[in-house]
Amino acid sequence: MSPTDGDYPEGEAESFRAPPVAFEDKEGRSIEIRPYEGEDFEAVVEMYADFDPADRAQGIPPATESRVRDWVENLLDGLNVVAWHDDRAVGHATLVPDEDASELAIFVHQDYQRAGIGSKLIRALLGYGQQEDVEKVWLTVERWNHAAVNLYESVGFETNGTESFEIEMVLRL
């Protein structure tokens, strides 16, 4: 459930570059981020099916391939971007419509973490959101996931509230 309108910052976020975005990650790999297309489905499912259980947060991504397929299908109602290394999906981010806002989720495969892909992926997704007139974005993150919290703050998200183990963050595009 999205936060109420009054809980979003008054000021708008910076302008982000919409995909496609190509760059070299910190490991020297050529990465391209582009909007999701129908033929990307199997590669995205494959990435999630190979996801390290230790990197799952708040129960996602799901643990079995059949549940991954259903979950990815549901995400396709929103805006989606995929990070590619050659023909392998290595990251995925989505803005899922929720009432008058969109919920953000981002995942980078464990073999590609800590290489700068998450930062580029979230910026490309937010640029895509700006291009498609998304106005408000929110997310929840486990409070002990300091790397994710720092990433979200670096692009302008502000803490809106905290539960026992989650932080809610909001951004106005």
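1. The UniProt record, an unreviewed entry, places the feature "domain: N-acetyltransferase" at residues 31-173. In the predicted model, the chain over residues 31-173 is 31% helix and 35% strand, and the C-alpha atoms at the two ends of this stretch are 25 Å apart.

2. The start of the annotated range can be read against the strand pairing. Strand S2 covers residues 30-35 and pairs with S1 in the antiparallel sense, over 4 bridges; within this pairing, Ala 22 has Glu 32 of S2 as its bridge partner. The two strands S1 and S2 form a hairpin with 5 residues between them, and Gly 28, which sits in the turn, has a positive phi of about 85 degrees.

3. S2 also pairs with S3, again in the antiparallel sense, and this pairing runs over 5 bridges. Here Ile 31 stands opposite His 85 in S3, while Ile 31 carries the number at which the record's range of 31-173 begins.

4. The backbone deserves a check at two proline positions, given that most peptide bonds are trans. A cis peptide bond joins Pro 19 and Pro 20, with omega at about 10 degrees, and Pro 20 belongs to the segment before strand S1 (21-24). A cis peptide bond also joins Ile 60 and Pro 61, where omega is about -5 degrees; Pro 61 is placed in the loop between helix H1 (41-49) and helix H2 (65-75).

5. Positive phi values should be looked at as well, since most residues other than glycine have a negative phi. Asp 86, although not a glycine, has a positive phi of about 55 degrees. Asp 86 is found in the loop between strand S3 (79-85) and strand S4 (88-98), and with a relative accessible area of 63% this residue is exposed, because the cut-off for that class is over 50%.

6. Arg 114 raises a related point: its phi is near 60 degrees, a positive value in a residue other than glycine. Arg 114 lies in the loop between strand S5 (101-108) and helix H3 (117-131), and at 71% relative accessibility Arg 114 counts as exposed.

7. For a colleague inspecting the coordinates, the places to visit are thus the cis bond between Pro 19 and Pro 20, the cis bond between Ile 60 and Pro 61, and the loop residues Asp 86 and Arg 114, together with Gly 28 in the turn of the S1 and S2 hairpin.

Technical notes:
Residues numbered from 1 in each chain as written. Predicted model: local features only at pLDDT ≥ 70, side-chain atom pairs only at ≥ 80, totals over all residues. Heavy atoms only, no water. Buried < 20%, exposed > 50% of the residue type's maximum accessible area, 1.4 Å probe, protein only. UniProt positions renumbered as here; feature names shortened; annotations may be inferred. Pairing = 2+ DSSP bridges.
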